[in-house]
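Visitor: I am new to this structure and should be grateful for a close look at a single part of it. Please take one helix and describe how it packs against its partners.

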Amino acid sequence: MQVSLIGTGLMGTAMAERLLTLGHDVVVYNRTQDKCAALQQRGALGAGSAVEAIEASKCTILMLADAPAIREALFASGKPDFQNRTMIQMGTIAPSESIALGQEIRMGIGDYFEAPVLGSIAEAKAGRLLVMVGGKAEHVERWHEVLKCFCEKPLLVGEIGQAAALKLALNQLIAAHITAFSLSLGLVQRSGVEVETFMNVLRQSALMAPMFEKKLPRLLAHDYARPNFSTRHLLKDVELCLNASRDANVATPVLAAIRGILEETIGKGLQDVDYSSLFETVVPEKL
Ligand SMILES: NC(=O)c1ccc[n+]([C@@H]2O[C@H](COP(=O)([O-])OP(=O)(O)OC[C@H]3O[C@@H](n4cnc5c(N)ncnc54)[C@H](OP(=O)(O)O)[C@@H]3O)[C@@H](O)[C@H]2O)c1
């Protein structure tokens, strides 16, 4: 099957690689065109514009930073012919943004559904993402061959907007977990308790989360290079979650404080490194 993919950043590149590995024809477009070069060397076709990419295939995956990026890619240089084409939006955007995008694309007689993902680069390359679909059962059926490249079984969550909401609910847990773990690790270190003692107790308790184990080496080494997911995008997701929670009348003081921590981290120039760099703000260097 031929699939177009717009947005070959960290995740888009991994997903395009996965499609190529499974033998699909892939058309790629990225604003910064040289980020498509490695994929083209692996056999992907490079499109000169987003319009060209969309019009080349029946189905286009959107894996862009946020909703403004999607709008710029899709509409800034002329409207694509959406007729009989399906846009699968797989980035993390607000429920309201996804609903509006779907309406606009359907006005152009195209089809649209959302399929945000949980998991990162390694999971994308291995086809082990958790794909949450907001749309109709027909979407999952019609595009099963594409969706199953990234996951064992795509999950139909509900209408457009509901999978986007679920994705935000999950991503605020990433922010909360890493913030809480950073505080505990900092306190342990500055109290002179062995980190291994802390981890051993944690591992035996119901409090353990796999992400603690995964992020610990980075925090101990203060090494945030080669990010899977950037501080910039975690802040974006926290802001989207704050807005969605406010609309749902869910109290957000803890998440608002985490937003402050992420903003401070970005103020240190850590926007494009791994989000666990917020450790530098939670546990600043001693005076
Ligand atoms: N990384 C993860 O682990 C992960 C996991 C699940 C979901 N997500 C979500 O997936 C999406 C992509 O994440 P990522 O980590 O791949 O991000 P990324 O590496 O920062 O890539 C962002 C992509 O968006 C494009 N873009 C940004 N602003 C644009 C604009 N104004 N016009 C056109 N294109 C624009 C970038 O193009 P340029 O290269 O030209 O800048 C790039 O292709 C985000 O919504 C993120 O929250 C990420």
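Guide: Helix H9 passes helix H11 in a right-handed crossing. The model is a predicted one, and the description that follows concerns H9 and the two helices discussed with it. Two packed helices are described by the angle between their axes and the distance between the axes. For H9 and H11, which spans residues 210-221, the angle is about 55° and the axes lie 11 Å apart. That angle makes H9 oblique to H11. On the H9 side, the residues in contact are Ile174, His177, Ile178, Phe181, Ser182, Leu185 and Gln189. They meet Met211, Phe212, Lys215, Leu216, Leu219 and Leu220 of H11. By character, this contact comprises nine nonpolar residues, three polar ones and one that is charged.

The second partner is helix H12, formed by residues 231-247, while H9 itself covers residues 162-190. Here the axes are 9 Å apart and the packing angle is about 125°. H9 and H12 are therefore oblique to each other. The crossing of H9 past H12 is left-handed. H9 contributes Leu168, Asn171, Gln172, Ile174 and Ala175 to this contact. Opposite them, H12 supplies Leu234, Asp237, Val238, Leu240, Cys241 and Ala244. The residues of the contact between H9 and H12 divide into eight nonpolar, two polar and one charged. Ile174 of H9 takes part in both contacts, meeting residues of H11 and of H12.

Technical notes. Residues numbered from 1 in each chain as written. Predicted model: local features only at pLDDT ≥ 70, side-chain atom pairs only at ≥ 80, totals over all residues. Heavy atoms only, no water. Axes fitted to C-alpha atoms, helices over the stretch in contact; angles between N-to-C directions. Helix = DSSP H or I, 4+ residues; strand = E, 2+ residues; numbered from the N terminus. Parallel < 35°, antiparallel > 145°, perpendicular 65-115°, else oblique. Left-handed = near helix turned anticlockwise from the far one by under 90°. Contact = heavy atoms within 4.5 Å. Nonpolar A, V, L, I, M, F, W, Y, C, P; charged D, E, K, R; others polar.
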